[in-house]
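Thank you for making time for this at today's meeting. I would like to walk through one model with you, going from a single backbone position outward to the sheets and the aromatic rings, so please keep the display open while I talk.

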Amino acid sequence: MDKTPWQSQPLTMIPGVGPARRAALHHLGIDCVADLLHYFPFRYDEDTKEHEFSAETGTVVVVASVAGEARVRFVRGKSLLSLPVVIHDTPMQAIFFNQSYLRNQFSVGMTLRLYGRYDATHKTLTVTRHERPSKHGALRSMTPVYAVSSSISVITLRQIMNAALRRVEPQLRDALPGELVARFRLPSYCAALRMIHFPDTLEDVHQARRRLVFEEFLRYQFHLQLLRETAASERAAPLDPVRFYEGSESFVRALPFQLTDGQRSALAALSEELIGTVPMRRLLQGDVGSGKTAVAFALAAGLAHTGQQTVLMAPTAILAEQHYRDAVRMLKPLGVTVALKTSESSESTVSVNPLKRGECTEDLIIGTHTLASPTLSYRRLRLAVIDEQHRFGVGIRRALREKGEGTSVLHLSATPIPRSLALTLYGDLAVTTLRERPKDRLPIKTMHVSTRDQTPVFRLLRTELMKGHQAYIVAPRIRPDDVDEEMKSAEELYEVMVTELGAARIALVHGQMNDKDRQQVMREFVAGHTQVLVATSMIEVGVSVLNATVMIVYGAERFGLATLHQLRGRVGRSIYPSYCMLVTDPVGNKALERIDALLSSQDGFALAERDLSLRGPGELLGARQSGLPTFSIGDPLADLRIMEAARDTAESALRDRSFWLLPSYQDLRESVLRDLLQKME
């Protein structure tokens, strides 16, 4: 018997997975059996009810009964297979384009599941995908749908998933203590995996998610609590408060604008904590444009006046360069020395002490993850500012903090989240919130248009481009796939924009490009050489392009409120009027509520609260919220109650030592500590 732990067993041990399918799975980020079983569906298709089906033209999923023989004819060079079917006692034709080979695979009376576009006028269903009964049995009423590629279909992935589950089920064991499983009435780990991938009802999905999300959140909360216990024992040398406040206030007085009341309040609280002997561990969250960076620079100016150093770590070289330019403009006139350090050596301006190789000597060093490199050291590092902390692993953040003795850490986040969620999600940090925006910012005009008439989209684009402004075009995915053929991808939109906008300079950027090419495309846009940037939502947290006045989001119904608000915040950063267009297919009630909320408010915190009320557990695996920690299945917004239960459970288990002492916690304890050590490496 194979003694390899099931989690790390190779994919080729699964019947039906050879080199080609292994390569296709790798493209999806699946490299072992554990990756496969934790590759969860993003939605579930149920058989359409009669009243839902007959209501109007649109995309539907239906169960049909074959009523006659399939016929093939050719129209404009395309084969058209027409299959008579009956759907809810209504005769109609199912149309298959360029699939004449299916003609002899249907028999009268056969039950099919058809995915496609229903035309109520002509009583036709143009089929984009179909399923027949398998040799193992009839069609299931609940069908999980996965994100796939052109190299592997949803049906094939489900077959592989089923084979993998059958292979490893005897080896699956629960890491959760039995008392927790009983207390929260959770299914076993094995049962949860079976139900999440092959449910009979929505209740199966709900119970499976409850179990898997709780375990994922519990591990996360144990990590937070253990990190907090470690940080609580650290101490820092006290600073001279007079010199610190002199440096900080000189920065504030030199600003060409006045700080908001919120910025002043945050600066006072952070300053008091920073000059003390207990290292600061704080999250400064604020809406887009609320002025978090100015607060960080004021702290850096105060520390420089006491001879202490600050580092600011950004997730990308582009963002680090922007922070560097701003710091040089705002801090250098005050005598604060500033340096840039990224992995691109040509961009580096950092100075090192020749007597102590690799020791940075400037007051403020700005860069990417390179700042945590073992080859760099700092003279007197007191504060590490981490921009968008969710983009960095625990190990990198810890390595940077350990570059100094008693180093304080300030995390910046542009994702407004409700305070109740912030306290639970960042249990190892104190939370400070900036709610105000600078008074000179114009509101962004937000509009909702349909994919059926995109005339307003191209009219707006042409008008703003003629003024010399720039635009973002955002798509939900990089390229088309066979799950939803009607949803526009970034690659398709790039071709559309090239056709529609003629001589405009247009570029495409997405997460699967290599880092060097992606950074170059972004630099071209920042410099104004590119007029239109077509992208995925990866641009939502990033550089400030003052000349960008248009944000157009295709498939806006696929995004959560927080992500849409972040995307909208990429424009409206200058004195120019700015616009955000949300382009959608016909949407359901919940998606329409999200769109309406965005149309009626530009307050990120109000929208976050609204998002929390709109997105309940019923929205199973919806669009992830930008700026929050990434989980494989849990959604911190939709699953807030589970996160709170996990927090309380972790705190209790550490407080009464059951985590450390009880045999029932052994498997969970070992895996939590192993995962934490790996993250710190």
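Arg657 sits in the loop between α20 and α21, the latter covering residues 658–661, and I should say at once that what we are looking at is a predicted model. The phi of Arg657 is near 70 degrees, which is a positive value in a residue other than glycine, and it is taken just after the end of α20. With a relative accessibility of 45%, Arg657 counts as partly exposed.

Let me step back into the helix that precedes this residue. Helix α20 comprises 16 residues, 640–655, which at 1.5 Å a residue should span 22 Å, and its end C-alpha atoms are indeed 22 Å apart, in agreement with that expectation. Which residues of α20 are buried? They are Leu640, Ile642, Met643, Ala646, Thr649, Ala650, Ala653 and Leu654. As background to that list, an α-helix has 3.6 residues a turn, so residues three or four places apart point the same way.

Another positive phi in a residue that is not a glycine belongs to Asn98, at about 55 degrees. Asn98 lies in the loop that runs from β5, residues 90–97, to β6, residues 111–119, and with a relative accessible area of 46% Asn98 is partly exposed.

That loop brings us to the strands around it. Strand β4, residues 78–87, pairs with β5 in the antiparallel sense over eight bridges, and within this pairing Ile87 stands opposite Thr90 of β5. The hairpin of β4 and β5 has two residues between the strands, and there His88 takes a positive phi near 50 degrees. On to the next pairing: β5 and strand β7, residues 124–131, run in the parallel sense over three bridges, where Ala94 has Leu125 of β7 as its bridge partner and Ile95 stands opposite Thr126. β7 also pairs with β6, here in the antiparallel sense and over seven bridges, with Gly116 and Val127 of β7 as bridge partners. In the hairpin of β6 and β7, which has four residues between the strands, Lys123 takes a positive phi near 50 degrees. How many of the eight residues of β7 are buried? Six of them are, and the strand is accordingly described as mostly covered.

Now to a second set of strands. Seven strands form an open sheet in the order β11-β13-β10-β15-β16-β9-β17, with parallel pairing. Its edge strands are β11, residues 338–341, and β17, residues 430–434, each of which pairs on one side only, and neighbouring strands of this sheet are turned by 20 degrees against each other on average, if direction is ignored. Within the sheet, β9, residues 281–286, and β16, residues 408–413, pair in the parallel sense over five bridges, and Arg281 stands opposite Val409 in β16. Helix α9, residues 261–274, lies across β9, β15, β16 and β17, and runs at about 155 degrees to β17.

Turning to the aromatic side chains, the structure holds ten aromatic pairs. In one of these, the rings of Tyr39 and Tyr146 have their centres 6.4 Å apart and their planes at 15 degrees, so the pair is stacked. Because Tyr39 lies in the loop between α2 and β1 while Tyr146 lies in the loop between β8 and α4, this pair ties together parts that are 107 residues apart in sequence. Buried or exposed? Both Tyr39 and Tyr146 are buried. By contrast, Phe659 and Tyr665 form an edge-to-face pair, at 6.3 Å centre to centre and with 70 degrees between the planes, and both Phe659 and Tyr665 are buried. Ring pairs link Phe222, Phe659, Trp660 and Tyr665 into a cluster.

Let me finish with the overall figures. The protein has 22 helices and 23 strands, and of its 681 residues 55% count as buried. Among contacts in the protein with a separation of 6 or more, 72% are accounted for by residues 24 or more positions apart. The protein exposes about 30000 Å², of which carbon and sulfur atoms supply 51%.

Key:
Residues numbered from 1 in each chain as written. Predicted model: local features only at pLDDT ≥ 70, side-chain atom pairs only at ≥ 80, totals over all residues. Heavy atoms only, no water. Phe/Tyr/Trp six-rings, centres within 6.5 Å; stacked < 30°, edge-to-face > 60°. Buried < 20%, exposed > 50% of the residue type's maximum accessible area, 1.4 Å probe, protein only. Pairing = 2+ DSSP bridges. Axes fitted to C-alpha atoms, helices over the stretch in contact; angles between N-to-C directions. Contact = heavy atoms within 4.5 Å. Areas by Shrake-Rupley, 256 points an atom, 1.4 Å probe, with all protein chains shown as cover. Expected span 1.5 Å × (residues − 1).
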